[in-house]
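Colleague: Could you walk me through this model? I would like to hear the reasoning behind each term you use.

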Amino acid sequence: MVYFKYGKAFHDPRIQHGFSLSAFEELGIAKSTLSNFENGKSMLSFDRLDFALQKMNVSPLDYSLMINNGEQDNYISIFDEIEHAYYQRNIKQLQYIYEINKEGSNEQKLIAFSARGLYRRLTIEELNEIEFYLKGVQFWGFFELSILANIGDKLDNSIINNIIEDLRYDKAYYENNLYYRVLIYRFFYKIIFKFIDSEKKEKAQEILMISKQFFMPGDVMSHVIINFAESFYCYYYTDKKQGKMQLQETLKFLKKIGAEDFRKTLKLQYDKRILRENRSEK
């Protein structure tokens, strides 16, 4: 049951802190509701879960670590490896990560799919596994956000819409965590392109506006990645000349500050869309 780890991660600190099942009824959480949650039969809404964690003096970050059995450091290492391989266009490394994780636990399979989706189209079965897992997520921690940052654009549009609503609802929490915000920006960036490519102008514009609501002072690279997507929007829907100039300025800026791997990745998007279109017009 996909909900089980959420309930188990709540059950353990509840017992440790000496709270009974009925201790949360004042928060509007019935004893039977909490029991079903802890046994993996249902999920609590985020606001009720948040209030219950506050009552136990458990932070969302601590809860996230408990959900992942304290393995967050290991996940960070693996997803960092995936990110570096992607920016360096190291397909062999992405294939290796896929191969060593594809037969493992549920989490390992999702890691494998996150790597594979960056160099090859995922199968319907793989997408179904990812979507089944993500449909049960109500607390978007590091592990889940890392999946979105890598292959969130491969998801069905209805699931993407639900995820965006969840992220907006819990925006105040993510504002306090730079690492989470960076992952959210990467997710937004990819789905902006997804909607541009499918000629959903209004939806691309909507995601651009939502992404800017998450900006915080100092999020320089995140500003760059969203502005790059916005420049493509400008190129396709507003002013080709202006959009192209903005894209080129972003690439020059990244070269100037020495972010060469990141620049190469963005330039692939530029070459794929702008240069190919210019050649076809000749």
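Modeller: Let's start with H10, bearing in mind that the model is predicted. On the other side of H10 from its buried residues, Asn162 and Tyr169 are exposed.

Colleague: What makes Asn162 and Tyr169 exposed?

Modeller: The word is used for a relative accessible area over 50%, so Asn162 and Tyr169, listed as exposed, are above that cut-off.

Colleague: And which residues of H10 are buried?

Modeller: Ile159, Ile160, Ile163, Ile164 and Leu167. Buried means under 20% relative accessible area, so these five names fall below that value.

Colleague: How do you know that they are on the same side of H10?

Modeller: They cover an arc of only 135° around the axis, which puts them on the same side. The general pattern helps: an α-helix has 3.6 residues a turn, so residues three or four places apart point the same way. The cover over the buried residues of H10 includes H8, H9, H11 (171-174), H12 and H13 (201-212).

Colleague: What about H8: how do you know that its length fits a helix?

Modeller: H8 (residues 124-135) has twelve residues, which at 1.5 Å a residue should span 16 Å; its end C-alpha atoms are 16 Å apart, so the two agree. H10, with 13 residues, reaches 18 Å, close to the 18 Å expected.

Colleague: Why do you say that the buried residues of H8 line one face?

Modeller: Glu126, Ile130, Glu131, Tyr133 and Leu134 are the buried ones. Seen down the axis, they fall within an arc of 160°, so they line one face of the helix. On the other side, Ile124, Glu125, Phe132 and Lys135 are exposed. Among the elements covering the buried residues of H8 are H1, H6 (91-101) and H10.

Colleague: H1 has come up. What makes H1 and H2 a packed pair?

Modeller: H1 (residues 4-16) and H2 (residues 31-38) pack at an angle of about 115°, with their axes 7 Å apart. The contact is made by Phe4, Tyr6, Gly7, Lys8, Phe10, His11 and Arg14 of H1 and Leu34, Phe37 and Glu38 of H2. By class, that is five nonpolar, two polar and three charged residues.

Colleague: Which residues touch the most other members of the largest nonpolar core?

Modeller: Phe10, Tyr63 and Phe188, out of 91 residues. H12 (residues 178-197) gives the largest share of this core, twelve residues. Leaving out residues up to four places away in sequence, Phe188 touches Ile164, Ile207, Ile210, Ser211, Phe214 and Ile226. Ile164 is also one of the buried residues of H10.

Notes
Residues are numbered from 1 along each chain as its sequence is written. This is a predicted model: local features need pLDDT of at least 70, side-chain atom pairs count only at pLDDT 80 or more; totals for chains, interfaces and linings use all residues. Side-chain values use heavy atoms; hydrogens and water are left out. A nonpolar core is a set of buried Ala, Val, Leu, Ile, Met, Phe, Trp, Tyr and Cys residues joined through side-chain atoms within 4.5 Å. Buried means under 20% relative accessible area, exposed over 50%, partly exposed in between (1.4 Å probe, protein chains only). Helices (H or I, at least four residues) and strands (E, at least two) are DSSP runs, numbered from the N terminus. Contact means heavy atoms within 4.5 Å. Axes are lines fitted to C-alpha atoms, for helices over the stretch in contact, and angles run from 0 to 180 degrees between N-to-C directions. Ala, Val, Leu, Ile, Met, Phe, Trp, Tyr, Cys and Pro count as nonpolar, Asp, Glu, Lys and Arg as charged, and the others, Gly among them, as polar. The expected span of a helix is 1.5 Å times one less than its number of residues. The arc is that of the directions from the helix axis to the C-beta atoms.
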